Amino acid sequence: MPDPFDPAEFDAPPPSDPGADYRTLLDAMRKAGAEGVAQQVAALAQKIEQDAHQRAEWTAQAGVGVNALHRAAGELQRVSAGVWWDRLKEWITAALIGLGLIFAAALAYRWAQEPKIERQLYGCTAKWDAKAQTCKGKWVPLYEQQP
């Protein structure tokens, strides 16, 4: 059983003879004389004109479709570039946050190595930098000497 919705059924069959339109015109010229010929020529001209208008309309529709495809491709390219730029900004932001955390950890480590509040109870084992108020060596606890 053939498919009830076969699209091949709706295709126009190819003309069996390409000169069939002109044969009808020649037959009309033989039978009807000048008046019949004029009617046939007018009908044929109208059909040719309608076909030309239809082809022009199809061409215009195809042009509109091509323009829409070009617009969509351009928009896709712009969106793709925007996504790439957003990803780059995210990576740079993450790198800056990481560097900030490393810097904060280094400062905290440095601060932990130099107890400034209890300066009287600790002594520097190496040279003391008075300008920067930092010890070049290690901090050691100071003990009171017993007499």
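## Salt bridges, a disulfide and a tryptophan pair

Lys89 and Asp86 are 3 residues apart in helix α2, so about one helical turn separates them. Their side chains form a salt bridge, with the closest N and O atoms 3.6 Å apart. Lys89 is partly exposed, at a relative accessible area of 40%. Asp86 is partly exposed too, at 36%. The model is predicted.

### Overall layout

The chain has 2 helices and 4 strands. Read from the N terminus, the order is α-α-β-β-β-β. Helix α2 covers residues 34-113. Strand β1 covers residues 122-124, and strand β3 covers residues 134-135.

How much of the chain is buried? Buried residues make up 7% of the 147 residues. The accessible surface comes to about 13,300 Å². Carbon and sulfur atoms account for 63% of that surface. Among contacts with a separation of 6 or more, 8% are between residues 24 or more positions apart.

### The annotated segment

An unreviewed UniProt entry places a "transmembrane region" at residues 91-112. In the model, residues 91-112 are 100% helix and 0% strand. The C-alpha atoms at the two ends of this segment are 32 Å apart.

### Salt bridges

The structure holds 4 salt bridges. Three of them are tabulated here, including the Lys89 and Asp86 pair.

| Pair | Closest N to O distance | Relative accessible areas |
|---|---|---|
| Asp51 and Lys47 | 3.6 Å | Asp51 29%, Lys47 41% |
| Lys89 and Asp86 | 3.6 Å | Lys89 40%, Asp86 36% |
| Arg87 and Glu90 | 3.8 Å | Arg87 46%, Glu90 46% |

How far apart in helix α2 are Asp51 and Lys47? They are 4 residues apart, so about one helical turn lies between them. Asp51 is partly exposed. Lys47 is partly exposed as well.

Arg87 and Glu90 are 3 residues apart in helix α2, again about one helical turn. Arg87 counts as partly exposed, and so does Glu90.

### The tryptophan pair

The structure holds 1 aromatic pair. It is made by Trp84 and Trp85, whose ring centres are 6.3 Å apart. Why is the pair tilted? The ring planes of Trp84 and Trp85 stand at 40°. Planes under 30 degrees apart would count as stacked, and planes over 60 as edge-to-face. The angle falls under neither heading, so the pair is called tilted.

Are the two residues exposed or partly exposed? Trp84 is exposed, with a relative accessible area of 56%. Trp85 is partly exposed, at 46%. The cut-off for exposed is over 50%, which is why the two residues get separate labels.

### The disulfide

A search of the whole structure finds 1 disulfide. Which residues does the disulfide join? It joins Cys124 to Cys135, with an S to S distance of 1.8 Å. The link connects distant parts of the chain: Cys124 lies in strand β1 and Cys135 in strand β3, 11 residues apart. The angle about the S-S bond is 85°, and the link is right-handed.

Which label, buried or partly exposed, goes with each cysteine? Cys124 is partly exposed, with a relative accessible area of 26%. Cys135 is at 7%. Buried means under 20%, so Cys135 counts as buried. Cys124 is not under that cut-off, so it stays partly exposed.

Notes: Residues are numbered from 1 along each chain as its sequence is written. This is a predicted model: local features need pLDDT of at least 70, side-chain atom pairs count only at pLDDT 80 or more; totals for chains, interfaces and linings use all residues. Side-chain values use heavy atoms; hydrogens and water are left out. Buried means under 20% relative accessible area, exposed over 50%, partly exposed in between (1.4 Å probe, protein chains only). Contact means heavy atoms within 4.5 Å. Accessible areas come from the Shrake-Rupley method with a 1.4 Å probe; for residues, only the protein chains shown count as cover. UniProt positions are given in the numbering used here, feature names are shortened, and annotations may be inferred rather than shown by experiment. A disulfide is a pair of cysteine sulfur atoms within 2.5 Å. Rings of Phe, Tyr and Trp (its six-membered ring) pair if their centres lie within 6.5 Å; planes under 30 degrees apart count as stacked, over 60 as edge-to-face and the rest as tilted.
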